[in-house]
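Reader: I have a model open on my screen and would like to understand the words people use for it. Could you take me through them?

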There are 2 protein chains.
Amino acid sequence: MSVAGTWMWYDEFETGTRTELGTYKFDRNRMIAFAGKFDPQIFHIDEAAAARSHFCGLCASGWHTAAAYMKCCAAYNFAGCDEAQSVGKTLPPLGPSPGFENLRWLKPVYPGDELTFHNEITGKRAMSSRPDWGIVFARNTGINQHGEMVFSFDGKLLVARR
Amino acid sequence: MSVAGTWMWYDEFETGTRTELGTYKFDRNRMIAFAGKFDPQIFHIDEAAAARSHFCGLCASGWHTAAAYMKCCAAYNFAGCDEAQSVGKTLPPLGPSPGFENLRWLKPVYPGDELTFHNEITGKRAMSSRPDWGIVFARNTGINQHGEMVFSFDGKLLVARR
């Protein structure tokens, strides 16, 4: 996480902070291109067949939605960080993620949908085993243009302490 | 899930069944192309900077690894399924996933790495609220050419009962 191109220390995260990461538009051609490469289920690549499916129309691969989240997250967090920060020479970057939980695709994402992704800090915990690091907990969501939550997961990040 | 192009019923899943889904090679250009679109952190797109990072080299976006899993999963499960099966007109397809847990990227994935993905049925449970459906639990893993597990998650799938 960064603010205005500066890496944040563990100490700077505040529970309850909610950040809008950005918006991604699910263009029909992008959806089919992604799914053709990685998830060629018929309701992701063939509009006519998708219309006859239980989704009632072409919908995005769930992994495309996850990748779109990452695109917005990276654009928000890493814009303006210089290389030294990004590669962890001056400040340690985010450590390896200890993992994601509760990954959910709650509703289909259709062509033309615009998802806005948010990150909310839900908690933090110092690590007794690694006193120079802490764990930051965050809830991540994707909300479409109708205000419906269509995607969510809980992340845990290792972050260096000051 | 399917066997030889036929959708499986809930009743046919057996706890302990382990299936090799396929192998995906992480070509350097594919890695950079994916990350350029969705995850342009410097250690995913710039070899020289990545060499100076804590990863000590260019590594794949975690979402690229997840998408590669899906590619192998789809190729294994949906090859040979006809459209009627795929869109759920003759047999209900897999229902919406109730979610994934314990998503982990355990080690970096480097250019040239080949990940082989497996799926293992870890349990199943009938749904009292929806007697025509059941939940199948599965552990999914990606193992590199050195035998190291680099990726894993636990999935829950809604599957129709016979």
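Reader: Which residue of S4(B) does Leu103(A) stand opposite?

Author: Leu103(A) faces Phe100(B) there. Please keep in mind that this is a predicted model.

Reader: What makes S4(A) and S4(B) a pair of strands?

Author: Two strands pair if at least two bridges are found between them. Strand S4 of chain A, residues 99–105, is joined to S4(B) by two bridges, so the pair meets that cut-off. The two strands run antiparallel.

Reader: How do you know that S5(A) and S6(A) pair, and in which sense?

Author: The same test applies, with at least two bridges required. Between S5 (residues 114–126) and S6 (residues 133–143) of chain A there are 10 bridges, so these strands count as paired, in the antiparallel sense. One place to look is Lys124(A), whose bridge partner in S6(A) is Val136(A).

Reader: Why is the sheet called open, and which strands are its edges?

Author: Follow the order of its 10 strands: S3(A)-S5(A)-S6(A)-S7(A)-S4(A)-S4(B)-S7(B)-S6(B)-S5(B)-S3(B), with antiparallel pairing. The edge strands are S3 (18–25) of chain A and S3 (18–25) of chain B, as each pairs on one side only. On average, neighbouring strands of the sheet are turned by 20 degrees against each other, direction ignored.

Reader: What lies across those strands in each chain?

Author: In chain A, helix H4 (residues 62–78) lies across S3, S4, S5, S6 and S7, at about 125 degrees to S3(A). In chain B, H4(B) lies across S3, S4, S5, S6 and S7 of its chain, running at about 125 degrees to S3(B).

Reader: How many residues of chain B are in contact with chain A, and what makes a contact?

Author: Two residues are in contact if their C-beta atoms lie within 7 Å. By that test, 31 residues of chain B are in contact with 31 residues of chain A. Helices H2 (42–45), H4 (62–78) and H5 (83–86) and strand S4 (99–105) of chain B each supply at least two residues of this side. By class, the side has 15 nonpolar, nine polar and seven charged residues.

Reader: What share of chain A is called buried, and why?

Author: A residue is buried if 20 or more other C-beta atoms lie within 10 Å of its own. Buried residues make up 35% of the 162 residues in chain A.

Reader: How many helices and strands does chain A have, and in what order?

Author: Chain A has five helices and seven strands, running β-β-β-α-α-α-α-α-β-β-β-β from the N terminus.

Conventions
Residues numbered from 1 in each chain as written. Chains lettered and ligands numbered in written order. Predicted model: local features only at pLDDT ≥ 70, side-chain atom pairs only at ≥ 80, totals over all residues. Helix = DSSP H or I, 4+ residues; strand = E, 2+ residues; numbered from the N terminus. Nonpolar A, V, L, I, M, F, W, Y, C, P; charged D, E, K, R; others polar. Axes fitted to C-alpha atoms, helices over the stretch in contact; angles between N-to-C directions. Buried ≥ 20, exposed ≤ 12 C-beta atoms within 10 Å, placed from the backbone.
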